[in-house]
Amino acid sequence: MEALIIVDVQNDFCPGGALAVAGGDEIVPVINELARDTPFVVATRDWHPAAHSSFADRGGRWPVHCVQGTEGAELHPQLDARAIDLVVDKGQDADQPGYSGFEDTDLEQALRDQGVERVDVVGLALDYCVRATALDAKRAGFDVTVHRGATRAVNVEPGDDERAVAELREAGVTVVG
Ligand code: VGL
Ligand code: ZN
């Protein structure tokens, strides 16, 4: 059994959003196509409390983004909601960045309950939450593939995307175009 994990395809990570990732919206049609071909589809949401340690106003590295219940935290409107079986909210602990969809969530249990063995990971951002989610999936024992063309990177430092891909491969994650 195979699952697709769509990581953080939310308004705040798309152009016009608080922490916009270049080309973040371009991956939506690609993801919708993958979702149609996958039996179990999970969408994660970065879902921070209004006061979060990763926010610049609290000394963190990111602008305020994906605050629970705001429009910026909603999934991108063009993402095919009918194809999504489960939404997993993460990043709710004010003291942790909460990059991985497996961190303090029941995602692993939900995948096990479905009999999932292989997971495909796509979404935003390649060098943060996609990276962390794919690495945790691999650590949990799933067979993991990242579809790079269905991701975009923040690239705070040039080359962060390539470093993320190298690290994923090193960990045994398959990265395809
Ligand atoms: C993310 C930075 C801060 C992500 C989330 O979804 O990749 N990046 N919070
Ligand atoms: Zn965040």
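These questions and answers go through the sheet and the zinc site of a predicted model.

Me: Which strands stand at the edges of the open sheet?
Reply: The sheet holds 6 strands with parallel pairing, in the order β3-β2-β1-β4-β5-β6. A strand at the edge has a single partner strand, so one side of it is left without a neighbour in the sheet. The strands in that position are β3 (86–90) and β6 (174–176).

Me: What does the twist average from one strand to the next?
Reply: The strands follow one another in the order β3-β2-β1-β4-β5-β6. From one strand to the next, the average twist is 25°.

Me: Which residue in β2 is the bridge partner of Leu-4?
Reply: Strand β1 covers residues 2–7 and runs parallel to strand β2, residues 40–46, with 5 bridges joining them. In β2, the partner of Leu-4 is Val-41.

Me: What angle does the direction of helix α3 make with that of β5?
Reply: Helix α3 (residues 126–139) packs on the sheet and touches β1, β3, β4 (118–124) and β5 (143–152). Its direction and that of β5 make an angle of about 170°.

Me: Is the arrangement of donor atoms around the zinc ion (ligand 2) tetrahedral or irregular?
Reply: The protein donors are Asp-46 (OD), His-48 (NE2) and His-65 (NE2), at 2.0 to 2.1 Å from the ion. Four donors count as tetrahedral if all angles lie between 85 and 135 degrees. Here the 4 donor atoms subtend angles of 87 to 168°, so the arrangement is irregular.

Me: Are Asp-46 and His-48 buried or exposed?
Reply: Along the chain, the zinc donors follow the spacing D-x1-H-x16-H. Asp-46 and His-48 are both buried.

Key. Residues are numbered from 1 along each chain as its sequence is written. Chains are lettered from A and ligands numbered from 1 in the order in which they are written. This is a predicted model: local features need pLDDT of at least 70, side-chain atom pairs count only at pLDDT 80 or more; totals for chains, interfaces and linings use all residues. Side-chain values use heavy atoms; hydrogens and water are left out. Two strands pair if DSSP finds at least two bridges between them. Helices (H or I, at least four residues) and strands (E, at least two) are DSSP runs, numbered from the N terminus. Axes are lines fitted to C-alpha atoms, for helices over the stretch in contact, and angles run from 0 to 180 degrees between N-to-C directions. Contact means heavy atoms within 4.5 Å. Donors are N, O and S atoms within 2.8 Å of the metal (3.2 Å for Na, K and Ca); water is not among the atoms, so sites may look incomplete. Four donors count as tetrahedral if all angles lie between 85 and 135 degrees; four count as square planar and six as octahedral if opposite donors are over 155 degrees apart and all others between 65 and 115; anything else is irregular. Buried means under 20% relative accessible area, exposed over 50%, partly exposed in between (1.4 Å probe, protein chains only).
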